[in-house]
Protein chains: 2
Amino acid sequence: MDVPAAPPDRLPVVAMVGAGQLARMTHQAAIALGQSLRVLATAASDPAALVCADVHLGAPDDLEALRGLARGADAVTFDHEGVPNELLRALTAEGVVVRPGPDALVHAQDKLVMRRALEGLARMPAYAEVRSPADVDALARRTGWPTVLKAVRGGYDGRGVWLLDGPDPALVAELLAAGTPLMAEQAVSMRRELAVQVARSPHGQAAAWPVVETVQRDGQCVEVLAPAPDLDPTTVAAAQQLALRIADRLDVTGLLAVELFDTDGTAAGLVVNELAMRPHNSGHWTIEGARTSQFEQHLRAVLDYPLGATEPTAPVAVMANVLGAATPVAVPLDERCHHLFGRFPDVKVHLYGKAERPARKVGHVTALGARLEEVRARAALAASWLSTGEWADGWSPYGPDAARTREVFRA
Amino acid sequence: MDVPAAPPDRLPVVAMVGAGQLARMTHQAAIALGQSLRVLATAASDPAALVCADVHLGAPDDLEALRGLARGADAVTFDHEGVPNELLRALTAEGVVVRPGPDALVHAQDKLVMRRALEGLARMPAYAEVRSPADVDALARRTGWPTVLKAVRGGYDGRGVWLLDGPDPALVAELLAAGTPLMAEQAVSMRRELAVQVARSPHGQAAAWPVVETVQRDGQCVEVLAPAPDLDPTTVAAAQQLALRIADRLDVTGLLAVELFDTDGTAAGLVVNELAMRPHNSGHWTIEGARTSQFEQHLRAVLDYPLGATEPTAPVAVMANVLGAATPVAVPLDERCHHLFGRFPDVKVHLYGKAERPARKVGHVTALGARLEEVRARAALAASWLSTGEWADGWSPYGPDAARTREVFRA
């Protein structure tokens, strides 16, 4: 039998704070690299905790839990930004390798710190710190209504963002009284949203993927088109260079996603919206659509391995999120998978093991091909079917006469 | 916080007997499908046990261990053939869904049963059961020396196969006395070896991948070229149809790999060598090289999901096995990864978490591209570097003057 004489050569251990779908998909990439991702989960039912072998249970704001996670690991990294920066500083002071480090990560945790750090480097919306309702109105006098009110920390997927059509001192006062640090931003008039993702290693190597278009609904990303259609090559290069410069300026290690507003289709019209320093929804398409996925690349970067090739594997990739439906779905998820596989044998499905709740990201699908409209239609149909148990185009596996056929059988 | 109101919709659980690299890679595929592979491992250090969340420890010939593995699972399937067929029959009698079922799997467990079952369906080498040394010599009188002596059960990777240049009654008698059931086969004169892989569902849907060439060294697969170069389209179709017919005849559920001898480049010249009913080394290229990997497809098939598309994602894919070197390697595996990633940012690496021992499969690499010779050279260089810590082409990361440079630094 295969009883090894010696243990295998040690390969690195990456520990990730958080055990959501990003950790879950990072574990898939870790397996290929001979590794096994260690995760800090808040519950055994977290998406990554369901599939990982090395699960620590604990809260991301518990220093002892973080210390336990870090023990024996080669690098600590993140599935989300909800880790108190001061705890990461404590870990770093104890010699733990934290990537991105707290000085970099703070720019993805605190939107005001980020805005100030990018002054002079990137075009941004006009913004102001909000300490009283008057601060919002002062910004609006310069940039007009509507104005965007944002929680400086903790918002995501449209949460922590309020679009104000006019002064709303009651809301502002209430949020401030509740201890929510706030900022106001000019509501940028734009053509669409873009995202560009880069990876950067501790020794400074960096690599960018193609620029993508992200399609939002109710403040949440629903679709990613890779590459962004009809984007001028000069603008593509400018967006990638901008992200690389930001990664360098902020000393990012691991992945950086830069969400951009495309205001006029030109390089000069690119406006920085948000930053994320981890694998990001805008990069899920890379699992099948690029030679190196964002998840593998994040592991390579935080371990200071040379980065992988970022070339696309197909002319077009479209990722569509599977969001929990507004009302309970009659068709069980397993049966939805059956029908999806039957109709679209080529669409790749990623399910996260999460309970379905309205608008919650419970999975995504990726379609690849040559023509954007066709690929996009397949991805959208697949995702909405998995979300709702209804085919948006009225398709039936029983054929166009299905209703009549059933009547006949019933008779 | 994200506390779900209800648990997620139940998705199926597949249980795999064995926790080697095939189970390890199947788990990666299961994660995408919202599942978590359950494995029966003989040790916590087994490749899949290192990365799976749902690990049962036990022996594959222990009925109680198999029962425990099967409890609550939707299907039981296999990482290897080393499971006593009668135990699978017992499980099946108890209502466990075993895929492939024992009546099918026996053809991958017993080469003589397989030969007899394929009579009239496929061209095969002349063969004979061996109950005494005289049986070998009788076959050789018909087909000439050398003659192949094979263990009817349990051989793999060249083990359990002996090439006899002439009568060797002592060897045959010794093996028989040790209880090894034997058969003899004509040594087929061939141009090369091919493999064709198909998946088949319980309800009879089937799908084939492109036919590949497998390159052997010392009886062990070292390289897979996908698609098989210079293979006539008629022969490709014939090989695929042959595998589909075998899958149907034997009522295979899950994957079937058919290893073939290409004796003259024609469809009529295809000779069946071996069968495997599980993910197979000849299909590792599908992870990146086909729209649906063999691992995902195996899960789909054993769960009776509609099968995934098998189209290639690139004109050429070459998989090369990383085999343990004959002598201990000076460069640690982690450092070998560093240099590999630096030289070949596009080559995809799969490491299994196994200790390196001579000729042991500890990982594989896959390269993709447009031109076979170039892609093959990259894959071969990458695999031999990971195996030995030496670049077969003398390449140095320090450039051609590396030796001289080091001398200068030392001076």
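Visitor: Which residues does Ala382(B) touch, leaving out those up to four places away in sequence?
Guide: A good place to start in this predicted model! Ala382(B) and Ala382(A) touch the most other members of the largest nonpolar core, which has 224 residues. Leaving out residues up to four places away in sequence, the partners of Ala382(B) are Ala320(B), Leu340(B), Phe344(B), Val347(B), Val365(B) and Ala367(B).

Visitor: And how many residues does each chain bring to the contact between chain A and chain B?
Guide: Let's take the class make-up of chain B's side as well. The side of chain B that touches chain A has 10 charged, 10 polar and 26 nonpolar residues. In the contact as a whole, chain B gives 46 residues and chain A gives 46 residues.

Visitor: Which element gives the largest share of the side of chain B that touches chain A?
Guide: The elements of chain B that give two or more residues to this side are α1 (21-32), α11 (333-343) and β16 (348-351). The largest share is 6 residues, and the element that provides it is α11(B).

Visitor: What kind of axis relates the two chains?
Guide: Happily, the numbers are clean here. A turn of 180 degrees with a shift of 0.0 Å along the axis lays chain B on chain A, with an RMSD of 0.0 Å. That relation is the one given by a two-fold axis.

Visitor: Which C-alpha of chain B is nearest the axis?
Guide: The axis in question goes with the turn of 180 degrees that lays chain B on chain A. In chain B, the nearest C-alpha lies 2.3 Å from the axis and belongs to Ala53(B).

Visitor: What percentage of the contact residues of chain B recur in chain A?
Guide: The side of chain B includes residues from α1, α11 and β16 of chain B. The same surface serves both copies, and the share of chain B's contact residues that recur in chain A is 100%.

Visitor: How is chain A divided, and what separates the centres of domain 1 and domain 2?
Guide: Chain A has domain 1 (14-98), domain 2 (126-186) and domain 3 (192-388). Between the C-alpha centres of domain 1 and domain 2 of chain A, the distance is 33 Å.

Visitor: Is Asp230(B) buried or exposed?
Guide: Asp230(B) sits in the loop between β12 (220-226) and α8 (233-249) of chain B. A residue with 12 or fewer other C-beta atoms within 10 Å is taken as exposed. Asp230(B) has 9 C-beta neighbours inside 10 Å, so it counts as exposed.

Visitor: Which residue does a cis peptide bond join to Ala226(B)?
Guide: Most peptide bonds are trans. The cis bond at Ala226(B) has an omega of about -5 degrees. The partner lies in the loop between β12 and α8 of chain B, and that partner is Pro227(B).

Visitor: Where in chain A is Pro100(A) found?
Guide: The peptide bond from Arg99(A) to Pro100(A) is cis, with omega near 0 degrees. As for its place, Pro100(A) is in the loop between α3 (85-93) and α4 (102-109) of chain A.

Visitor: What is the phi of Asp218(A)?
Guide: Asp218(A) belongs to the loop between β11 (212-217) and β12 (220-226) of chain A. Asp218(A) counts as exposed because it has 9 C-beta neighbours inside 10 Å. Although Asp218(A) is not a glycine, its phi is positive, at about 50 degrees.

Notes:
Residues numbered from 1 in each chain as written. Chains lettered and ligands numbered in written order. Predicted model: local features only at pLDDT ≥ 70, side-chain atom pairs only at ≥ 80, totals over all residues. Domains from an automatic or database assignment. Core = buried A, V, L, I, M, F, W, Y, C linked by C-beta atoms within 7 Å. Buried ≥ 20, exposed ≤ 12 C-beta atoms within 10 Å, placed from the backbone. Contact = placed C-beta atoms within 7 Å. Helix = DSSP H or I, 4+ residues; strand = E, 2+ residues; numbered from the N terminus. Nonpolar A, V, L, I, M, F, W, Y, C, P; charged D, E, K, R; others polar. Least-squares fit on C-alpha atoms with pLDDT ≥ 70 in both.
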